[in-house]
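Colleague: I would like to learn how to read the local features of a model such as this one, taking each idea in general and then in the case at hand. Could we look at it together?

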Amino acid sequence: DHKFEPAELKVPTGKKIKLVVHNQDQTPEEFESHDLNREKVVLGGKKITLYIGPLEAGNYSFIGEFNQETAKGNIIAE
């Protein structure tokens, strides 16, 4: 339904994180985060893997570029 689930992820600070994004919709989506400096298309029904961090404490937002109204989320490093 063009949403991220979960829409909020809590991760530890100072560690590299493996983030797997699985697009369960049939249409492509683009995972985009200016805060994390990441942008990658995820085809319908496919998965991508992103490595992020290590992160400092804070809130890092991301969106689905093709469905910005509904596909929003945050990574909280604490």
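Colleague: Which side chain makes a polar contact with the side chain of E29, and over what distance?

Modeller: A polar contact is a pair of N or O atoms within 3.5 Å; within protein, one must be able to donate a hydrogen and the other to accept it, and residues adjacent in sequence count only if both atoms are side-chain atoms. Here the side chain of E29 meets that of N67 at 2.7 Å. Please keep in mind that the model is predicted, with local features requiring pLDDT of at least 70 and side-chain atom pairs pLDDT 80 or more, whereas totals for chains, interfaces and linings use all residues. Residues are numbered from 1 along each chain as its sequence is written, and side-chain values use heavy atoms, with hydrogens and water left out.

Colleague: How far from E29 is the nearest side chain of opposite charge?

Modeller: Charge is assigned by residue type, with Lys and Arg positive and Asp and Glu negative, while His and the chain ends are not counted; a salt bridge needs a side-chain nitrogen of Lys or Arg within 4 Å of a carboxyl oxygen of Asp or Glu. E29 has no salt bridge although it is buried, and the nearest side chain of opposite charge, that of K72, is 12 Å away. Buried here means under 20% relative accessible area, exposed over 50%, and partly exposed in between (1.4 Å probe, protein chains only). For contacts (heavy atoms within 4.5 Å), and leaving aside neighbours within four places in sequence, the partners of E29 include K40, V42, G64, N67 and A71.

Colleague: Where does E29 sit in the fold?

Modeller: E29 belongs to strand β3, where strands (E, at least two residues), like helices (H or I, at least four), are DSSP runs numbered from the N terminus. In a regular strand the side chains alternate between the two faces of the sheet. In β3, which spans residues 29-33, five of the five residues are buried, and the two faces are both covered, with E29, F31 and S33 on one side and E30 and E32 on the other.

Colleague: How many bridges join β3 to β4?

Modeller: Two strands pair if DSSP finds at least two bridges between them, and β3 is joined to the antiparallel strand β4 (residues 38-42) by five. E29 has V42 as its bridge partner in β4, and in the hairpin of the two strands, with four residues between them, N37 takes a positive phi near 60°. β3 also pairs with strand β6 (residues 58-64), antiparallel and over two bridges, with F31 opposite G64 and E32 opposite I63. From I63 one can step onwards, as it stands opposite K72 in β7, and β6 pairs with β7 (residues 72-77) in the antiparallel sense over six bridges.

Colleague: How many aromatic pairs are there?

Modeller: A pair of aromatic rings is described by the distance of the centres and the angle of the planes. Rings of Phe, Tyr and Trp (its six-membered ring) pair if their centres lie within 6.5 Å, and planes under 30 degrees apart count as stacked, over 60 as edge-to-face and the rest as tilted; by this rule there are three pairs. One of them, F4 with F31, is edge-to-face, at 6.0 Å between centres and 85° between planes. F4 lies in the segment before β1 (8-11) and F31 in β3, so this pair ties together parts that are 27 residues apart in sequence. F4 is buried at 15% relative accessibility, as is F31 at 3%, and these two residues form one aromatic cluster with F62.

Colleague: What does V21 touch, leaving aside its neighbours within four places in sequence?

Modeller: V21, in strand β2 (residues 17-22), counts as buried at 12% relative accessibility, and its contacts include F4, F31, V42 and K47. K47, in strand β5 (residues 47-52), is exposed, with a relative accessible area of 57%.

Colleague: Is D25 buried or exposed?

Modeller: D25, in the loop between β2 and β3, is buried yet has no salt bridge, the nearest side chain of opposite charge being K3, 10 Å away. A polar atom of the D25 side chain does, however, lie 2.9 Å from the backbone nitrogen of H2, and D25 touches D1, H2, G44 and G45 when residues up to four places away in sequence are not counted.
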